[in-house]
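Student: Could you go through this structure with me, step by step? I would like to start from one residue and work outwards.

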Amino acid sequence: MAAATQDVTEESTTGSRVNKRIALLIAILALMLAFAEIGGKNAEQDALARNIEASNLWAFFQAKTIRGTTLRTAAEAMEVELAGTTEPATRERLQKRIDGWKATIARYDTEPETQEGRKELIARAKAAEARRDISSARDDKYDIVSGLLQIAIVISSAAIITGVAMLAWTGGALGLLGLGLMVLAELAPTALF
C-alpha cells in the first residue's frame, strides 16, 4: 500500500508540475495577447488618422484645383476683354490683373516653401495613403495574431483539464506562430498577405 501511495504522490507531483508549466504557458500567451491587442489598436488608430490626413490633403488639392480653374477662366475672359480694349490705362489695369491671376495660378500649382501647391499636395496625400496602408496591414496582422493567441490559450487550458500534453504543445506552437506574426506586423507589415 505504501508503494501505491508513493506512486500516486509522484503522479500528482508530476501532474502538478506539468499543470504549472501549462499555466505558465497560458500566462505568457495571455501577455502576448495583451501586446497584440495594444499593437492592433494602435495600428487601427494610426490607419484612421492617416486616412483622415490623406482625405484632408486631397480635399485641399481639390480646393486649389477649383480656385486655379476659376482664376484661369477669369484670366482668359479678361484677355478677351483686353484684346477689345484700346485705352492704354484700361489695358494696363487689365493686364496687371491678368498677370496677378496667372501668378496666383502658378503658386496654386507649386508652392515648395509651404508644401501647399497642387504638386506638393499630391505627393503628401500619396505619402499619407502609403502610411495608412502600412498601418492597415499591420492592424490586419495583429487581428490574426489575436485570434491565434486566443485559440492557443483555449487549447492550452484544455490540456490542463484533459491531461493531453499534445494540446499544450499545440497551444505553444500557435503561440510561437502568433509571436512570429507579431514581429512581422512590426517589421514588415505588408509582407506575405
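Tutor: Gladly, and please keep in mind from the start that this is a predicted model. Let us begin with Val145, which, leaving aside residues up to four places away in sequence, touches Ala36, Gly178, Leu181 and Met182.

Student: OK, and which residues have the most contacts inside the largest nonpolar core?

Tutor: That core has 19 residues, and the ones with the most contacts inside it are Ala36, Val145, Leu149 and Met182. The elements that each give two or more residues to this core are helix 1, running from 2 to 83, helix 3, and helix 4, running from 165 to 187.

Student: Which helix gives the most to this core?

Tutor: Helix 3 does, with seven residues. There is also a second, separate core of nine residues, and among its members are Leu71, Met78, Trp101 and Ile105.

Student: Back to helix 3 for a second, how many residues does helix 3 have?

Tutor: Helix 3 covers residues 118–162, which is 45 residues, and the distance from its first C-alpha to its last is 66 Å, close to the 66 Å expected at 1.5 Å a residue. After helix 3 comes Gly163, which has a positive phi, near 80 degrees.

Student: Zooming out, what does the secondary structure of the whole chain come to?

Tutor: The chain has four helices and zero strands, and reading along the sequence gives the pattern α-α-α-α.

Student: So is the chain a compact globule or more spread out?

Tutor: The chain is more spread out than a compact globule, because its radius of gyration is 33 Å, well over the 16 Å that the globule rule gives for 193 residues. Along its principal axes, the C-alpha trace spans about 125 × 20 × 20 Å.

Student: And what share of the residues count as buried?

Tutor: Of the 193 residues in the chain, 30% count as buried. The accessible surface comes to about 12000 Å², and 63% of that belongs to carbon and sulfur atoms.

Student: What about contacts between residues that are 24 or more positions apart, how much do they account for?

Tutor: Such pairs account for 69% of the contacts in the chain that have a separation of 6 or more.

Student: Changing topic, how many salt bridges does a search of the whole structure find?

Tutor: The search finds ten salt bridges. In one of them the side chains of Glu44 and Lys41 meet, at 3.7 Å from N to O, and both residues lie in helix 1, three residues apart, or about one turn of the helix.

Student: Why does that spacing matter for which way residues point?

Tutor: An α-helix has 3.6 residues a turn, so residues three or four places apart point the same way.

Student: Got it. Is Glu44 buried or partly exposed?

Tutor: Glu44 is partly exposed, with a relative accessible area of 41%, and Lys41 is partly exposed too, with 44%.

Student: Which residues are linked with Arg50 in a network of salt bridges?

Tutor: The network links Asp46, Arg50, Glu53 and Arg131. Within it, the side chains of Arg50 and Glu53 meet at 3.2 Å, N to O, and these two residues both lie in helix 1, three residues apart.

Student: Last one: in the salt bridge between Glu111 and Arg107, is Glu111 buried or exposed?

Tutor: Glu111 counts as buried, because its relative accessibility is 10% and the cut-off for buried is under 20%. Arg107, at 38% relative accessibility, counts as partly exposed, and the two side chains meet at 3.9 Å, N to O.

Notes. Residues numbered from 1 in each chain as written. Predicted model: local features only at pLDDT ≥ 70, side-chain atom pairs only at ≥ 80, totals over all residues. Heavy atoms only, no water. Expected span 1.5 Å × (residues − 1). Core = buried A, V, L, I, M, F, W, Y, C linked by side-chain atoms within 4.5 Å. Buried < 20%, exposed > 50% of the residue type's maximum accessible area, 1.4 Å probe, protein only. Contact = heavy atoms within 4.5 Å. Rg over C-alpha atoms; globule rule 2.2 N^0.38 Å. Areas by Shrake-Rupley, 256 points an atom, 1.4 Å probe, with all protein chains shown as cover. Salt bridge = Lys/Arg side-chain N within 4 Å of Asp/Glu carboxyl O.
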